[in-house]
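Hello,

Please find below the structure I am handing over to you. My notes on it follow.

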Amino acid sequence: MRRYEYMTFSFPTEPPFPSTLGHAELQHLLDEWGEQGWEAVGLTTTNHRWGETREVLVLMKRELPLER
């Protein structure tokens with residue numbers, strides 16, 4: 001049976017987001033984690049009280065080695 005481990009990370013959608021984690025930096029980060037076996041499998045947003053987006057939450061997973 002396959003087993004997985006999961007990791008989440010988030011980043012804000014308001015400044016200083018553009019200056020701290022731009023699109024190129026995000027792609028580089030995802031590429032690095034992809035080389036470690038992580039796959040982005042989901043993405044959602046969290047909201048402030050009145051529906052304004054607060055942050056983007058990314059769900060990552062990778063398969064665990066089989067136990068012997």
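**What was found**

The chain holds 2 helices and 3 strands. Please keep in mind that this is a predicted model. Read from the N terminus, the elements follow the order β-α-α-β-β.

**The sheet**

The 3 strands form an open sheet in the order β1-β3-β2, and the pairing is antiparallel. At the edges lie β1 (4-12) and β2 (39-47), each of which pairs on one side only. On average, neighbouring strands of this sheet are turned by 20° against each other, with direction ignored.

Between β1 and strand β3 (residues 53-63), the antiparallel pairing runs over 9 bridges. If you want a place to start looking at this pair, F11 stands opposite V56 in β3. As general background, strands of a sheet pair through backbone hydrogen bonds, in either a parallel or an antiparallel way.

**The helix on the sheet**

Helix α2 (residues 23-35) packs on the sheet and touches β1 and β3. The direction of α2 makes about 170° with that of β1.

**The chain as a whole**

The chain has 68 residues, and 18% of them count as buried. Here "buried" stands for a relative accessible area under 20%. The area that the chain exposes is about 5,500 Å², of which carbon and sulfur atoms supply 52%.

How do the contacts spread along the sequence? Taking contacts in the chain between residues at least 6 apart in sequence, 61% join residues at least 24 apart.

Regards

Key:
Residues numbered from 1 in each chain as written. Predicted model: local features only at pLDDT ≥ 70, side-chain atom pairs only at ≥ 80, totals over all residues. Heavy atoms only, no water. Helix = DSSP H or I, 4+ residues; strand = E, 2+ residues; numbered from the N terminus. Buried < 20%, exposed > 50% of the residue type's maximum accessible area, 1.4 Å probe, protein only. Contact = heavy atoms within 4.5 Å. Areas by Shrake-Rupley, 256 points an atom, 1.4 Å probe, with all protein chains shown as cover. Pairing = 2+ DSSP bridges. Axes fitted to C-alpha atoms, helices over the stretch in contact; angles between N-to-C directions.
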